[in-house]
Amino acid sequence: MFNAIAGATIQDVTLEEPIVDVTGDYAVHGDYLYVSPVAAFDMASTLTNVIINNPTVSVEVSDEASAIRSSIFTSAAGLVAGGWSDNLTGCQVNGGMITLDAATTTSHGGEIYLGGIMGECYSNMTNCGSSARLALTVVDDCESVEDANLNVHVGGLSAASTNTVGCSTTNEISVKVAKPTGAASVNVGGLSGSQRYRTASQNTIHSTIATDCQLDETNGQLNVGSVSGQLDVYYLTQILMYTPIASAGCTENTVETTCNGASLSTAIGLLPELDGTPLGWINKGEYEIAEGYTAPSNIEAVTEKYGAYIPEDYLMDGIIWIMTE
């Protein structure tokens with residue numbers, strides 16, 4: 001429907017069997033490729049009761065055939081491919097198939113997002129649902145000695161997520177990634193590939209995940225969780241720019257998710273830790289948890305290990321509680 005929207009209001013719209021096909025000899029000219037039926041990219045809009053029935057979204061991209069930057073950035077989804085500061089309520093993607101094939105042959109790495117409703121997502125989602133089938137194939141067989149990290153995020157509702165409340169997923173998810181040498185992070189979840197900034201709570205998640213990944217034994221990592229593939233600390237610390245206390249992670253979800261036929265008991269595949277100990281909080285300064293007990297600051301160690309989206313000096317004294325239920 002739209003290439004890009006900002007500050008829009010879209011409500012009570014139903015699309016029947018939309019087809020978005022970006023395959024074959026299509027060449028990407030520019031840094032980013034976003035593909036989705038309603039909006040390729042969205043900034044600060046409100047979407048209410050937008051229903052997509054049986055979409056077909058097919059994306060095929062290769063850096064060999066495209067005039068893109070030094071690494072691929074591609075996002076595909078059933079409703080909005082890239083959403084920043086949006087609010088989605090009662091939106092649904094019912095059935096259909098979303099397929100993304102990506103290949104890097106002239107340069108290593110990049111970012112790949114695939115989600116049932118949203119792809120690269122920094123938005124609030126309430127009472128939304130997805131039952132689309134998702135299929136991702138990524139091959140990075142570049143022979144360049146200069147390696148760049150390949151970051152892959154796949155989730156039944158969204159590839160990456162911020163606040164997700166009361167949503168539901170019933171998805172079949174297939175993820176095949178081949179990067180046998182060099183750095184790679186593949187994050188797959190029944191709800192979201194990567195949890196960013198805040199929490200996933202009170203969602204109902206029924207997803208079937210199949211993975212087939214060929215990754216470097218030392219520098220490659222596959223993270224799979226029944227809710228999210230990982231809690232992304234790189235973005236998470238930014239919360240402390242805006243509030244002295246917050247929660248992140250997941251809580252109070254109803255989950256029935258399998259991976260390669262086995263039940264997944266881990267809610268978040270990769271949680272932040274220091275020296276082998278999972279973190280219960282991340283804080284700058286000292287924070288009084290209870291009378292007589294003050295939590296020591298760990299922000300320097302956390303940002304040294306995981307990096308930070310913004311400089312530490314910009315963060316206010318405060319604490320982020322990590323929820324793992």
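This passage describes strand pairing, aromatic contacts, salt bridges and a surface patch in a predicted model.

One open sheet consists of 6 strands in the order β4-β8-β12-β16-β20-β24, and the pairing is parallel. Its edges are formed by β4 (33-35) and β24 (220-225), each of which pairs on one side only. From one strand to the next, the twist averages 5°. At the β4 edge, 3 bridges connect β4 with strand β8 (residues 72-77), and the two run parallel. Within this region, L33 is positioned opposite T74 of β8.

Parallel pairing also connects β11, β15 and β19. Strand β11 (residues 97-104) is joined to strand β15 (residues 133-140) by 8 bridges, and L100 has L136 in β15 as its bridge partner. Strand β15 is in turn joined to strand β19 (residues 168-179) by 7 bridges, again with the strands running parallel. Here V138 has V177 of β19 as its bridge partner.

Two further contacts involve residues separated along the chain. V22 belongs to strand β3 (residues 19-22) and is counted as buried because its relative accessibility is 11%, below the 20% cut-off. Its C-alpha atom lies 8.1 Å from that of V61, although the two residues are 39 residues apart along the chain. S226 is located in the loop that runs between β24 and β25 (228-231). With a relative accessibility of 4%, S226 is likewise counted as buried. The C-alpha atoms of S226 and L191 are 7.4 Å apart, while the sequence separation is 35 residues.

The structure contains 15 aromatic pairs. In one of them, the ring centres of Y122 and Y197 are 6.0 Å apart and the ring planes meet at 50°, so the pair is classed as tilted. Y122 is part of strand β13 (residues 118-126), whereas Y197 is in the loop between β21 (192-195) and β22 (199-201); the pair therefore ties together parts that are 75 residues apart in sequence. Both Y122 and Y197 are buried. Another pair, Y234 and Y235, is edge-to-face, with 5.1 Å from centre to centre and 90° between the planes. Y234 is partly exposed at a relative accessible area of 33%, whereas Y235 is buried at 11% relative accessibility. Y122, Y197, Y234 and Y235 are among the residues of one aromatic cluster, which also includes Y32, Y34, F41, F73, W84, Y113 and Y309.

Some members of this cluster also contribute to the surface. W84, Y234 and Y309 form a nonpolar surface patch together with M43, and the accessible area of the four residues together is about 350 Å². Y309 is placed in the loop between α2 (299-306) and β35 (318-324). Its relative accessibility is 38%, so Y309 is counted as partly exposed.

The number of salt bridges is 4. In one, the side chains of K179 and D147 meet at an N to O distance of 2.9 Å. K179 is in strand β19 and D147 is in the loop between β15 and β16 (150-155), so this salt bridge ties together parts that are 32 residues apart in sequence. The two partners differ in accessibility: K179 is buried, at 0% relative accessibility, and D147 is partly exposed, at 38%. K179 and D147 also belong to a network of salt bridges that includes D140.

A second salt bridge is formed by D232 and R196, with the closest N and O atoms 3.4 Å apart. This pair links distant parts of the chain, 36 residues apart, with D232 in the loop between β25 and α1 (233-236) and R196 in the loop between β21 and β22. D232 and R196 are both buried.

A salt bridge is also present between the side chains of K305 and E273, at 2.4 Å from N to O. K305 is in helix α2 and E273 is in strand β30 (residues 273-274), so that the contact links distant parts of the chain, 32 residues apart. K305 is partly exposed, with a relative accessible area of 42%, and E273 is partly exposed as well, with a value of 23%.

Technical notes. Residues numbered from 1 in each chain as written. Predicted model: local features only at pLDDT ≥ 70, side-chain atom pairs only at ≥ 80, totals over all residues. Heavy atoms only, no water. Patch = residues over 30% accessible without salt bridge, like charges linked within 9 Å, V, L, I, M, F, W, Y side chains within 5 Å. Areas by Shrake-Rupley, 256 points an atom, 1.4 Å probe, with all protein chains shown as cover. Helix = DSSP H or I, 4+ residues; strand = E, 2+ residues; numbered from the N terminus. Buried < 20%, exposed > 50% of the residue type's maximum accessible area, 1.4 Å probe, protein only. Phe/Tyr/Trp six-rings, centres within 6.5 Å; stacked < 30°, edge-to-face > 60°. Pairing = 2+ DSSP bridges. Axes fitted to C-alpha atoms, helices over the stretch in contact; angles between N-to-C directions.
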